[in-house]
Amino acid sequence: MQKNITPSGTISGGWLMSKMDMAGGIMAWDITKGPIYTIACNNLLFHKTVMPGELVSFYSYLVKTNNTSLDILVEGKIRQPPSNEEFRVTTGTFIYVAIDENNKPRKISIDLERTDCCHH
């Protein structure tokens, strides 16, 4: 959308970051089986600009678990025709805390079958 395009004609880094947070959040919700919230994003890097019309896919990987939180690496890639070769455009580690019905941190029990890479 036009509002997500910078004056230089590229896709906004803020838009990309919000989609990364969503992809990591989906994985965090799946793993913790309930509500989570984002508490930090570390080492966010934009490796390549994204142009309007390019298809961006996000991949999430569980990096670390703590008592009540998860660190999830999220990677954004674009696929360029005609070869469909993928290029990394952004990476960052998002930290999510599992919360209970009172919005307080809750202990996480990990289902190891749900920790593989997720594509969102």
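Is Leu-62 buried, exposed or partly exposed? Select Leu-62 to begin; the residue is found in strand β2. With a relative accessible area of 23%, Leu-62 is partly exposed, because the buried class ends at under 20%. Keep in mind throughout that the model is predicted.

**The whole chain**

Zoom out and colour by secondary structure. The chain has 1 helix and 5 strands, and from the N terminus on the order of elements is α-β-β-β-β-β. The C-alpha trace spans about 45 × 30 × 20 Å along its principal axes. Of the 120 residues in the chain, 36% are buried.

**Strands β2 and β3**

Select residues 56-65, which are strand β2, and residues 69-80, which are strand β3. The two strands run antiparallel and are joined by 9 bridges. A hairpin of 3 residues connects β2 to β3. For one position in this pairing, pick Phe-58, whose bridge partner in β3 is Gly-76.

Now return to Leu-62 and add Ile-72 to the selection. These residues lie 10 residues apart along the chain, while their C-alpha atoms are separated by 4.6 Å.

**A nonpolar surface patch**

Next, show the surface and select Tyr-61, Val-63 and Leu-73. Together they form a nonpolar patch with about 230 Å² of accessible area. Val-63 belongs to strand β2. At a relative accessible area of 52%, Val-63 is exposed, since the exposed class starts at over 50%.

**The salt-bridge network**

Hide the surface and show the side chains of Glu-75, Lys-77, Glu-86 and Arg-88. These four residues are linked in a network of salt bridges. A search of the whole structure finds 3 salt bridges.

Start with Glu-75. Its side chain meets that of Lys-77 in a salt bridge, with an N to O distance of 3.8 Å. Glu-75 also forms a salt bridge with Arg-88, where the closest N and O atoms are 2.8 Å apart. That pair links distant parts of the chain: Arg-88 is in strand β4 (residues 85-98) and Glu-75 is in strand β3, 13 residues apart.

Which class of accessibility does Glu-75 fall into? Glu-75 has 9% relative accessibility and therefore counts as buried. Its partner Arg-88 is partly exposed, with a relative accessible area of 44%.

Move to Lys-77 and Glu-86. Their salt bridge has its closest N and O atoms 4.0 Å apart. Glu-86 is partly exposed, at a relative accessible area of 32%.

Stay on Lys-77 and add Tyr-59. Where does the charged end of Lys-77 sit? It is placed over the ring of Tyr-59, 5.6 Å from the ring centre. Lys-77 thus takes part in the salt-bridge network and also has its charged end over an aromatic ring.

**The aromatic pair**

For the last stop, select Phe-94 and Tyr-96. How many aromatic pairs does the structure hold? The structure holds 1. The ring centres of Phe-94 and Tyr-96 are 6.4 Å apart and the ring planes are at 20°, so the pair is stacked; planes under 30 degrees apart count as stacked. Both Phe-94 and Tyr-96 are buried.

Methods
Residues are numbered from 1 along each chain as its sequence is written. This is a predicted model: local features need pLDDT of at least 70, side-chain atom pairs count only at pLDDT 80 or more; totals for chains, interfaces and linings use all residues. Side-chain values use heavy atoms; hydrogens and water are left out. Two strands pair if DSSP finds at least two bridges between them. Helices (H or I, at least four residues) and strands (E, at least two) are DSSP runs, numbered from the N terminus. Patches are made of residues with over 30% relative accessible area and no salt bridge: like charges are joined within 9 Å, nonpolar side chains (Val, Leu, Ile, Met, Phe, Trp, Tyr) within 5 Å. Accessible areas come from the Shrake-Rupley method with a 1.4 Å probe; for residues, only the protein chains shown count as cover. Buried means under 20% relative accessible area, exposed over 50%, partly exposed in between (1.4 Å probe, protein chains only). Rings of Phe, Tyr and Trp (its six-membered ring) pair if their centres lie within 6.5 Å; planes under 30 degrees apart count as stacked, over 60 as edge-to-face and the rest as tilted. A charge sits over a ring if NZ of Lys or CZ of Arg is within 6 Å of the ring centre and within 35 degrees of the ring normal.
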